[in-house]
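Biologist: I would like to learn how to read a model of this kind. Could we start with one residue and work outwards?

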Amino acid sequence: MALKTEEMILNMGPQHPSTHGVLRLELELEGEIIVGAKPHIGYLHRCFEKHCEAMSYPQVTPYTDRMDYLASMYNEFGYALAVEKLLGIQVPERVEYIRVIMGEFQRIASHLVAIGTYGLDIGAMTPFLYCFRDREKILSLFEQTCGARLLYNYIWVGGLSHDLHPDFLIQARDFIKYFRPKIKELNDLLTNNKIFIDRTANVGILPLDLAINYGISGPNLRASGFKWDIRKDDAYSVYNKFDFDIPVGKGTMGTVGDCWDRYYIRILEMEESLKIIEQAIEQIPEGDVTSAIPKRIKPAVGQVYSRVENPRGELGYFIISDGSVNPFRVKVKGPSFVHLGIMNELLKGYMIADVIAILGSIDIVLGEVDR
Amino acid sequence: MKTTEEIFEILKTNFGESILELVTAAPVEKFIRINQLEVDKVCQFLRDSQELLFDSLMNLSGVDDANGKKTAADNGDQIISGGTLSVYYHLESTKYRHKLVLKVSAEREKPDVVSVANVWRHADWHEREAYDLFGINFLNHPDLRRILMPYDWDAGYPLRKDYKNPEFYQGMKVPY
Amino acid sequence: MIYDFFFKITGSNIIASIIQSLLPLFIFILPFALFAVWLERKVSAHMQDRLGPMRVGKHGWLQTIADILKLVQKEDIVPNEADKPLFNIAPVLVFVGSYAVFAAIPFSGAFIGSNIDLGIIFIIAASGFVVAGILMAGWASNNKYSLLGAMRSAAQIISYEIPTVLVVLTIIMITGTTNLFTLSEMQTGHFWNWMIFGGPNFGVAKFIFIPFMIMNFIIIYISTLAEVNRTPFDIPEAESELVSGYHTEYSGMKFAMFFLAEYANMFAVSAIVTALFFGGYQSPVGYLGNLFGAHWLIPIEQFFWFTAKGIFFVFVQMWLRWTLPRLRVDQLMTVCWKYLIPIAFVNLIIIGLITVL
């Protein structure tokens, strides 16, 4: 008679050092192997969508910051683009360039957090502090521009709240010169470290057709081998004026679409963002950033779905207007929400230590999952 | 790359009665209205047909149309009766780069829509969210339960226009 | 030796031996554990481009004392469903296991806690207490995470004792003694007489030994890193996975005991490695006492050299902790069983052959 073994249910509860927020993962284990994973979310639900229906269009902007709090510029960017499409207004070119510069700096800052915390989860505690030290420099650039380090309320519908500080462009150039060698230092510490490769290569492999069917986007989709970037394929703002590359996962250290690929794509993307910022600094024209901000936003009855390339994936805003000053319905499609849906498929067959590696490589932010 | 009108014609030839109308009047997007009980067959066709190949669902959202009769209940709250709840689907093809918007409407009193979770696994969690916040019942969904609200929230569906917060939830006072 | 010194003063066997056995504990090891905590915080801080504790005392050297004071007056929380006798005994066992090994370690030419002939075998046996203590802590906490951490830790420590013992066997074969004191005395002279450079007997065998000795040193250093649960082998206390592993549920003074035991353990294994390979308390360059003719100076110098070498190896352990990521459980076992043990076996055979011939 065979020995009857029970499956153990392990709760990686809402309070856990590694789940990047309040996420509850219910794991069914057989020994150390996972046979099922159920994510439970909703701990950070702050009713963003219901709030939007009670506020006017400009009042929604600070609330969009707080969804994905590690990439606030992009949340505001996406919202401003969606409402401008609905209104049919055109913003001055200087505004577009500044938005792009801010967005790309925000991308670097967000990827630094992702890489630093990923190293911390795997056990390498020092790169975390190096990443945060470099991120502080970016955040002080932001503070100089709009007064806030993390939640900006800077990109308004129709323009920006403040123009750039006179020293901003010089300091941006200095930062780029300072940061390029730091990427190489990060590569030496983590990327080519044998222990790190053993922990992340061939772990959490995401096949491409599964990824597209589940709606995965951003660096996770690119790591599975698909060259898809909304900045190039559905170009918004002035991204079509810049020359940059889209890094794609090649399975250098293991299989295409494993955790190492997802991590390495983020490092390569930081390099590409530096290129975009350099070109934007060269090309930026003069202009007035507040000239196109409408006095009163009252779009015609209609709807729009507009999307931008968040550091985490495709951030989509679906806005329905009924002709009044308040939006009728704002639905935000956050990439982290979508990526959590694939956890059950992705975790089957791996061990508990791999859960942390896989969860860290997907790079979720609970603020965006729960809104 | 196909336009919405061309796709409308293709769908009309294949599905006839289920395709209701093509709405082009309002800005910015045009959308096609579909019968709520046939939407999974239409979506399966849209995904698998070689000239359309809509293999990616960009977004799925529930909307409270608030187009019913607004009456005042005994305690002064506003109740909407009649009217519809809708679901919007935004589709995209990664190969041909064309996009499509579908709309499905269901009665407010009995909002049944067939689930497309078997066509695009992406729809799974979005439909759970639409069920949680609007009460739209998705037929044939693999695991329909609340996702953002607590699992035992019995005070209604928060994003409906006539929703009012309950006084107490499990002994805790809700409005503060 | 110090025992005779105390015997002359007090005239009683028992009091002299009690004082002698308590000396290393209070004068050296407890202060060292406090110092090691401060050292770890400063080393980690400077490696991470920050400063570490700076306010409590100059450059924060009083920080550990402040921490211990805080831990002593904390509430002692015992989980409701925990197994109380086991829960309370576990930290004691771990503490005892870590401190008992200092009895057989020679601190200087004039002092060794207990000059037993079984030296190194006693040390390996006494450190087995730690495994029992860890398993008790994990089980009695009534917490799935603690249990997982404790089982992983027990498997890890037991597996890595095998390469340690194999390397120790090679040293025993070359020198013919298990007494650490005699071993240290054998490595007298200058640094080329240390075991890592082939041992004190000059000859062809000495030079053949050198590569094997270096390999042995690396094997034993890695194995003892695993025995003390330090990164890259710190799965049992992996903060980001299991919160704190087997000592999650402990608070207050019991947690302090786990904490201090870990640093004492680190020094113990560093001391063993220096005694086996790097000449114990012998100086690499000769003694100032010999130079000036003051022979009473020599034991003090030896003590200084011993401490310096021990602290250097502790520093290397800390350096490794803050640089490398963590190995997964199965990879950890692979390293031990598939790489370290075969290499250690081969070394044993080759050195045995050379010794015989």
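**From one residue to the chains**

Modeller: This is a predicted model, and a good place to begin is A:Pro335, which lies in helix 12 of chain A, a helix made up of residues 335-340.

Biologist: Does A:Pro335 count as buried or exposed, and why?

Modeller: The general idea is to count neighbours, and a residue is called buried if 20 or more other C-beta atoms lie within 10 Å of its own. A:Pro335 has 30 C-beta neighbours inside 10 Å, and therefore counts as buried.

Biologist: Which residues does A:Pro335 touch, once residues up to four places away in sequence are not counted?

Modeller: With those set aside, A:Pro335 touches A:Ser217 and A:Gly218, and also A:Asn310, A:Arg312, A:Gly313, A:Glu314 and A:Leu315. As for distances, A:Val369 is 34 residues from A:Pro335 in sequence, while their C-alpha atoms are 7.8 Å apart in space.

Biologist: How should I read chain A as a whole, and what radius of gyration does chain A have?

Modeller: One compares the chain with a rule for globules: a compact globule of 371 residues would have a radius of gyration near 21 Å, and chain A agrees because its own value is 21 Å. Along the principal axes, the C-alpha atoms of chain A fill a box of roughly 80 × 45 × 35 Å. Chain A has 15 helices and 8 strands, and 52% of its 371 residues count as buried. Among the contacts in chain A between residues at least 6 apart in sequence, 73% join residues at least 24 apart.

Biologist: Which residues touch the most other members of the largest nonpolar core?

Modeller: That core has 235 residues, and those touching the most other members are A:Val83, A:Ile319, A:Ile358, B:Ile136, C:Ala264 and C:Phe267. Helix 11 of chain C, residues 253-277, supplies the largest share of this core, with 17 residues. Residues touched by A:Ile358, leaving out those up to four places away in sequence, include A:Val203, A:Cys259 and A:Tyr350.

Biologist: How is an interface described, and which chains share the most contacts?

Modeller: Interface size is often given as the accessible area lost when the parts come together. Here we can count contacts instead: 2 pairs of chains are in contact, and chains A and B share the most contacts. In that pair, 26 residues of chain B are in contact with 29 residues of chain A. Strand 3 of chain B gives the most to the side of chain B that touches chain A, with 6 residues, and by class this side has 15 nonpolar, 6 polar and 5 charged residues. Chain B and chain C, by contrast, do not touch, and their nearest C-alpha atoms are 25 Å apart.

Definitions and conventions:
Residues are numbered from 1 along each chain as its sequence is written. Chains are lettered from A and ligands numbered from 1 in the order in which they are written. This is a predicted model: local features need pLDDT of at least 70, side-chain atom pairs count only at pLDDT 80 or more; totals for chains, interfaces and linings use all residues. Helices (H or I, at least four residues) and strands (E, at least two) are DSSP runs, numbered from the N terminus. The radius of gyration is taken over C-alpha atoms; the globule rule is 2.2 Å times the number of residues to the power 0.38. A residue is buried if 20 or more other C-beta atoms lie within 10 Å of its own, exposed if 12 or fewer, and partly exposed in between; C-beta atoms are placed from the backbone. Two residues are in contact if their C-beta atoms, placed from the backbone, lie within 7 Å. Ala, Val, Leu, Ile, Met, Phe, Trp, Tyr, Cys and Pro count as nonpolar, Asp, Glu, Lys and Arg as charged, and the others, Gly among them, as polar. A nonpolar core is a set of buried Ala, Val, Leu, Ile, Met, Phe, Trp, Tyr and Cys residues joined through C-beta atoms within 7 Å.
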